[in-house]
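Hi,

Here is the structure I promised to pass on. Have a look at it first, and then read my notes below.

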Protein chains: 2
Amino acid sequence: MNKIITISREFGSGGRSIGKEAAKRLEIPYYDKELIKQVAEKTGFAPQYIEEQGEYAPGKTGLSYVFAPPGGQDTMNGLNAADYLWIMQRQAVLELAEKGSCVIVGRCADYILRENPDCLHVFIHADTKFRAERIVRLYGESEKSPELRLKDKDARRSANYKHFTGREWGQCRNYHLSLDSGVIGADNCVDLIVRLAAGKMLLTEE
Amino acid sequence: MNKIITISREFGSGGRSIGKEAAKRLEIPYYDKELIKQVAEKTGFAPQYIEEQGEYAPGKTGLSYVFAPPGGQDTMNGLNAADYLWIMQRQAVLELAEKGSCVIVGRCADYILRENPDCLHVFIHADTKFRAERIVRLYGESEKSPELRLKDKDARRSANYKHFTGREWGQCRNYHLSLDSGVIGADNCVDLIVRLAAGKMLLTEE
């Protein structure tokens, strides 16, 4: 039986690192930028462009119409760039899940694989204070305050998710497991995911 | 250090049983109907009436204005019944949390104790199929389909929560831990809560 773990996360919550570590412990592939790269290869888009598109909802910026992608409209069957990318990303996620056990971070994989019974869908979040300190520590200061950076990034992810899935982002019911990494701790989050994914019962004896 | 566990839950998810079992394992008090009883004693309302009020948002039914509570408007300082009950329940939750470690199910305790650093806030949910089967098994059939009963009950809890807290119900960010009891299993949910509440690290060794 394949065990596919999808990880959705608030910016700065450490969800990406948690997913990476869980994949390492379970000895299964981890897809994130790798997945983006695959999509890039299929479409001819630059990986950086695809990564940015993942954060925007079409129609919010209008940029997807302004910048014609390589290959022209014909390649995209009349779709705008963001919609075309969605279709390609969706296909890539389905193919990766078909290949076998893996961890997939982001890319609305929780939604794309919502009917797949072999999935464990996880959401990682933390409060603003924890995430603000973490992004400054990891990525350094910038012109914008860390709180504003978080707010912008979360708003984009939320709008993108809503646009393509029709669902609200960060709802408990869309995930089997949702964890506050700031309170529970990254190591405990990894342990928990690994334990559940491996189908092991938690210990009932002290 | 006190450890207070608040459990919010979708109807039929087994959150109440999970909370009760966690309290038993941790050897700490469990408050649910007990809490309601305390409130009842303070206000003179019938416990049944208070329990029902917990499911309704004021203004949705208008019933809180139609039925005058015992004691009359004077006792309630001009507040309607639902608002008055909210204040009394809030006070009761704060007092119970002050007394020491405990498990509190429902009553918007996650919101009331949101600033309390000794809390573990948990949300228990499950898909409609799992919950429909469970409520029929536990409570039997009724005129309404189990799916409709779930929908009605969840809508009431959600409206009540929104009215008194201003927050959306079932958002990951409002809980440290959110679990799909249908997928993870009630026993595993209990284990996990007990382990985290007791401040124990999950095992990292296999």
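**A polar contact to start with**

The side chains of A:Asp32 and A:Arg16 are joined by a polar contact of 2.5 Å. Before you zoom in, keep in mind that this is a predicted model.

A:Asp32 has a second side-chain partner too: a polar contact of 3.1 Å links the side chain of A:Asp32 to that of A:Tyr30. You'll find A:Asp32 in the loop between β2 (30-31) and α2 (33-43) of chain A. Is A:Asp32 buried or exposed? A:Asp32 is buried, because its relative accessible area is 4%, and the cut-off for buried is under 20%. If you skip residues up to four places away in sequence, A:Asp32 touches A:Arg16 and A:Val105.

**Chain A in outline**

Some general numbers for chain A, in case you want to get your bearings. Chain A has 206 residues, and 53% of them are buried. Eleven helices and five strands make up its list of secondary structure elements. Taking the contacts in chain A with a separation of 6 or more, 71% are between residues 24 or more positions apart. Chain A exposes about 9900 Å², with carbon and sulfur atoms supplying 50% of that area.

**Where to be careful**

The average pLDDT of chain A is 82, and 75% of the residues score at least 70. Two stretches of chain A deserve a warning. Over residues 60-69 of chain A, pLDDT stays under 50, and the model has ten contacts beyond four places in sequence for them. Residues 71-75 of chain A also stay under 50, with three contacts beyond four places in sequence. Where pLDDT is low, the predicted coordinates should not be read in detail.

**Two positive phi angles**

Now go to the loop between β3 (102-105) and α7 (109-112) of chain A, where A:Arg107 sits. A:Cys108 is in the loop between β3 and α7 as well. A:Arg107 is not a glycine, yet its phi is positive, at about 60°. The phi of A:Cys108, again a residue other than glycine, is positive and near 55°. For background, most residues other than glycine have a negative phi. A:Arg107 counts as buried because its relative accessibility is 14%, and A:Cys108 is buried with a relative accessible area of 9%.

**The nonpolar cores**

The largest nonpolar core holds 46 residues, and the members that touch the most others are A:Ile104, A:Leu113, B:Ile104 and B:Leu113. Apart from that core lies another one of 44 residues, including A:Ile5, A:Val105, B:Ile7 and B:Ile184. What does A:Leu113 contact, leaving aside its neighbours within four places in sequence? The contacts of A:Leu113 are A:Ile4, A:Thr6, A:Val93, A:Leu94, A:Ala97, A:Ile104, A:Cys119 and A:His121.

Over in chain B, try clicking on B:Ile193, in helix α11 (residues 186-197). B:Ile193 counts as buried because its relative accessibility is 0%. Beyond four places in sequence, B:Ile193 is in contact with B:Ile5, B:Ile7, B:Ile18, B:Ala22, B:Leu120, B:Val122, B:Ile124 and B:Leu177. The C-alpha atoms of B:Ile193 and B:Leu179 are 10.0 Å apart, with these positions 14 residues apart along the chain.

**A histidine in a helix**

Back in chain A, A:His163 belongs to helix α9 (residues 146-165). A:His163 counts as partly exposed because its relative accessibility is 39%. A:His163 and A:Asp83 are 80 residues apart along the chain, and their C-alpha atoms are separated by 10.0 Å.

**And the cysteines?**

How many disulfides does a search of the whole structure find? The count is zero over all chains. A disulfide is a covalent bond between the sulfur atoms of two cysteines. Take B:Cys119 as an example: the closest cysteine sulfur, in B:Cys102, is 8.0 Å from the sulfur of B:Cys119, so the two are too far apart for a bond. The cut-off for a disulfide is a sulfur pair within 2.5 Å. B:Cys119 counts as buried, because its relative accessibility is 4%. Another cysteine of chain B, B:Cys108, is buried as well, at 8% relative accessibility.

Happy browsing!

Note on methods. Residues are numbered from 1 along each chain as its sequence is written. Chains are lettered from A and ligands numbered from 1 in the order in which they are written. Side-chain values use heavy atoms; hydrogens and water are left out. Buried means under 20% relative accessible area, exposed over 50%, partly exposed in between (1.4 Å probe, protein chains only). Helices (H or I, at least four residues) and strands (E, at least two) are DSSP runs, numbered from the N terminus. A nonpolar core is a set of buried Ala, Val, Leu, Ile, Met, Phe, Trp, Tyr and Cys residues joined through side-chain atoms within 4.5 Å. Contact means heavy atoms within 4.5 Å. pLDDT is the predictor's confidence in each residue, from 0 to 100. A polar contact is a pair of N or O atoms within 3.5 Å; within protein, one must be able to donate a hydrogen and the other to accept it, and residues adjacent in sequence count only if both atoms are side-chain atoms. Accessible areas come from the Shrake-Rupley method with a 1.4 Å probe; for residues, only the protein chains shown count as cover.
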